[in-house]
Amino acid sequence: MVVPPDHPRYYSLLYRERLIEKFKEGIVVAQGLIAHGRGEAFDYILGERTVPSALKAEKAAAALLKLAKRPVVSVNGNVAALVPRELVKLSEALGCPLEVNLFYRSEERAKKIAELLEAHGAREVLWVPEEELPNLSSERRKVSKRGIATADVVLVALEDGDRTEALKKLGKKVIAIDLNPFSRTARSADISIIDNVIRAIPNIIKFVKEISYEEAKKVLEEYDNSLTLKESVKEIREWLDKMIEEM
Ligand code: ATP
Ligand code: MG
């Protein structure tokens, strides 16, 4: 379907169309469409913008990625469908691989996602897992030796809380992009970005390019994730108060 550009919800409709297209191609699963709907609901009450606390988390994420020895960007179907080019740009800015990691994993789907990223210019996409993470029973336990298995910092989006916890138990730092500030993922990550991946990834790329090593250290010293997470909920509350006044 062609989305009319003057529609008041143009971008929302455009991204829905993109997900549906990728669903038909076997890149996105039906469960991913449901997850997107939950994300949209949270995005609505955030005002469909990057709230100040999210921008702070995005800067801290860029700092952590910049200082990491072995960062890796974990990719699932929805993220690949929504921001393939931006994922490639982020991996280039960091000089790190992209790794396909799926809850509803099939060999065929993992390969299709890798091919989509390669079509957008990705040089290194890890999609054939050689190892398994302990303390995780889902398909997400399957990881690549050169990627998540040996990474010190993992960026995840639209994540399942279980894996965030499993990665943390292994001593890895986890950066999560999740519109729901109440999810287990957001509450257990080291840096929780309460923003849409569509806005978050370009913001992180910008910060990675701008930030110096010195500044990155300073940003991390001053960053408090629990405080930032609470701020995001307060920003939702403020936005809702504003909406009430306008009713
Ligand atoms: P958890 O296991 O962490 O408690 P969950 O089970 O509630 O999370 P899942 O269905 O596993 O959630 O994952 C979907 C999550 O991704 C939701 O929290 C949703 O808000 C978020 N999400 C969906 N679309 C986007 C998007 N475009 N950008 C950022 N987050 C998104
Ligand atoms: Mg879950």
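**Ala110 sits in helix H6, which spans residues 107-119.** This is a predicted model, in which local features need pLDDT of at least 70, side-chain atom pairs count only at pLDDT 80 or more, and totals for chains, interfaces and linings use all residues. Residues are numbered from 1 along each chain as its sequence is written, chains are lettered from A and ligands numbered from 1 in the order in which they are written, and side-chain values use heavy atoms, with hydrogens and water left out. Helices (H or I, at least four residues) and strands (E, at least two) are DSSP runs, numbered from the N terminus. Ala110 has 0% relative accessibility, so it counts as buried (buried is under 20% relative accessible area, exposed is over 50%, and partly exposed is in between, with a 1.4 Å probe and protein chains only). Look around Ala110 and you will find Val100, Leu102, Arg105 and Trp127 in contact with it, once neighbours within four places in sequence are left aside (contact means heavy atoms within 4.5 Å). Ser137 is 27 residues from Ala110 in sequence and 18 Å from it in space, C-alpha to C-alpha.

**Ligand 1 and its surroundings fill this view.** In all, 18 residues surround ligand 1, and the closest are Gly161, Asp178, Arg184, Thr185 and Asn196 (a residue is near a molecule if one of its heavy atoms lies within 4 Å of it). Three polar contacts are worth zooming in on. A side-chain N or O atom of Asp178 is 2.8 Å from an oxygen atom of ligand 1 (a polar contact is a pair of N or O atoms within 3.5 Å; within protein, one must be able to donate a hydrogen and the other to accept it, and residues adjacent in sequence count only if both atoms are side-chain atoms). Leu179 takes part through its backbone, where an N or O atom lies 3.2 Å from a nitrogen atom of ligand 1. Arg184 places a polar side-chain atom 2.9 Å from an oxygen atom of ligand 1. Taken alone, ligand 1 exposes 640 Å², and the protein buries 87% of that (areas come from the Shrake-Rupley method with a 1.4 Å probe; for residues, only the protein chains shown count as cover).

**Here are the residues that an unreviewed UniProt entry lists under "binding site".** According to that record they are Arg16, Arg38, Asp178, Leu179, Asn180, Arg184, Thr185, Asn196 and Val197. They are spread over 182 residues of sequence and also in space, up to 25.1 Å between C-alpha atoms. Among them, Arg38, Asp178, Leu179, Asn180, Arg184, Thr185, Asn196 and Val197 belong to the lining of the largest pocket. On a 1 Å grid over the protein atoms alone, a pocket is an open set of points with protein on both sides within 12 Å along at least five of seven lines, and lining residues have an atom within 4 Å of a point. UniProt positions follow the numbering used here, feature names are shortened, and annotations may be inferred rather than shown by experiment.

**Arg38, Leu179 and Asn180 appear here as three of the listed residues.** Arg38 belongs to helix H2 (residues 30-46) and is exposed because its relative accessible area is 56%. Leu179 is in the loop between strand S7 (173-177) and helix H8 (184-188), and its relative accessible area of 10% makes it buried. Setting aside residues within four places in sequence, Leu179 has contacts that include Gly39, Phe42, Asp43 and Leu46 as well as Ile194, Asp195, Asn196 and Arg199. Asn180 is also placed in the loop between S7 and H8 and is buried at 11%. Beyond its neighbours within four places, Asn180 is in contact with Phe42, Ala186 and Ile194.

**Glu48 and Asn135 bring us to positive phi values.** Most residues other than glycine have a negative phi. Glu48, in the loop between H2 and helix H3 (52-67), has a phi near 50 degrees and is partly exposed at 37%. Asn135 has a phi of about 55 degrees; this residue lies in the loop between strand S4 (131-132) and strand S5 (142-143) and is partly exposed at 47%.

**Ala151 lies in the loop between S5 and strand S6 (153-157).** With a relative accessible area of 5%, Ala151 is buried. Ala151 touches Arg70, Val72 and Lys172, not counting residues up to four places away in sequence. Of these, Lys172 is 21 residues from Ala151 in sequence and 7.1 Å from it in space, C-alpha to C-alpha.

Technical notes: 1 Å grid on protein atoms, 1.4 Å probe; cavity = no way out; pocket = protein on both sides within 12 Å on 5 of 7 lines; lining within 4 Å.
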